[in-house]
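Colleague: Please put the model on the screen. I would like to go through the helices and then the overall shape.

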Amino acid sequence: MNAETYPTPAEGWTCFHCGTHFAGNFRGWQEALHHFGENVQGDAWCQYTARQVRAMEDQLRRFREEDTPRDRYLHKIQAEHAVAVRRAEEEGYARGLRDAAEQSAIERESQKPCFACDPPASGAAATGEAQ
Ligand SMILES: [Zn+2]
């Protein structure tokens, strides 16, 4: 809301709901702003019931406490995401352990002597005894 769009009338404003008059000066402009609000589609303050005001206060409290359906949904998907990330990390760790065990088995196997290249000695030749 700006003064060029809504110039202050010299005689001020009068609410057609409740008849409250607001002077055509800065103080009257401020009071009229509070009474009518900044949103031209909003209701004048005098049109709200105590029940509506309490409902708005309750809604504001829930927003501040992050206790709205939207907030609960966000917390739910954040928790599900955290669980999914932890499961993925655990699966990766398990895969790493499995791969390491397989690699160790391959290395142990490669350290065994090759019988084709180096056949085991047999009988007397192996012991070095003369025939
Ligand atoms: Zn009013």
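Colleague: Which span does helix α3 reach from its first C-alpha to its last?

Modeller: This is a predicted model. Helix α3 covers residues 69-110, which is 42 residues. At 1.5 Å a residue, 62 Å is expected. From its first C-alpha to its last, α3 comes close to that, reaching 61 Å.

Colleague: How many of the 42 residues of α3 are buried?

Modeller: A residue needs 20 or more other C-beta atoms within 10 Å of its own to count as buried. Helix α3 lies largely in the open, because the number of its 42 residues that are buried is zero.

Colleague: What span does helix α2 have, and how many of its residues are buried?

Modeller: Helix α2 takes in residues 50-64, 15 residues in total. Its span from first C-alpha to last is 21 Å, close to the expected 21 Å. The helix is hardly covered, and its count of buried residues is zero.

Colleague: Which residue after α2 has a positive phi?

Modeller: The residue is found in the loop between α2 and α3. With 11 C-beta neighbours inside 10 Å, it counts as exposed, since the limit for exposed is 12 or fewer. It is not a glycine, yet its phi is positive at about 55°. The residue is Glu-66.

Colleague: Is Asn-25 buried or exposed?

Modeller: Asn-25 sits in the loop between β2 (21-22) and α1 (26-36). It has 12 other C-beta atoms within 10 Å. A residue with 12 or fewer is classed as exposed, so Asn-25 is exposed.

Colleague: What separates the C-alpha atoms of Asn-25 and His-81?

Modeller: Along the chain, Asn-25 and His-81 are 56 residues apart. In space, their C-alpha atoms are separated by 56 Å.

Colleague: In which order do the elements of the chain run?

Modeller: The chain has four helices and two strands. Counting from the N terminus on, the order is β-β-α-α-α-α.

Colleague: What radius of gyration does the chain have?

Modeller: The C-alpha atoms fill a box of roughly 135 × 35 × 20 Å along the principal axes. Of the 131 residues, 2% count as buried. A compact globule of 131 residues would have a radius of gyration near 14 Å, whereas the chain has 42 Å.

Colleague: What share of the contacts with a separation of 6 or more comes from residues 24 or more positions apart?

Modeller: The count takes contacts in the chain with a separation of 6 or more. Among these, residues 24 or more positions apart account for 24%.

Methods:
Residues numbered from 1 in each chain as written. Predicted model: local features only at pLDDT ≥ 70, side-chain atom pairs only at ≥ 80, totals over all residues. Rg over C-alpha atoms; globule rule 2.2 N^0.38 Å. Contact = placed C-beta atoms within 7 Å. Expected span 1.5 Å × (residues − 1).
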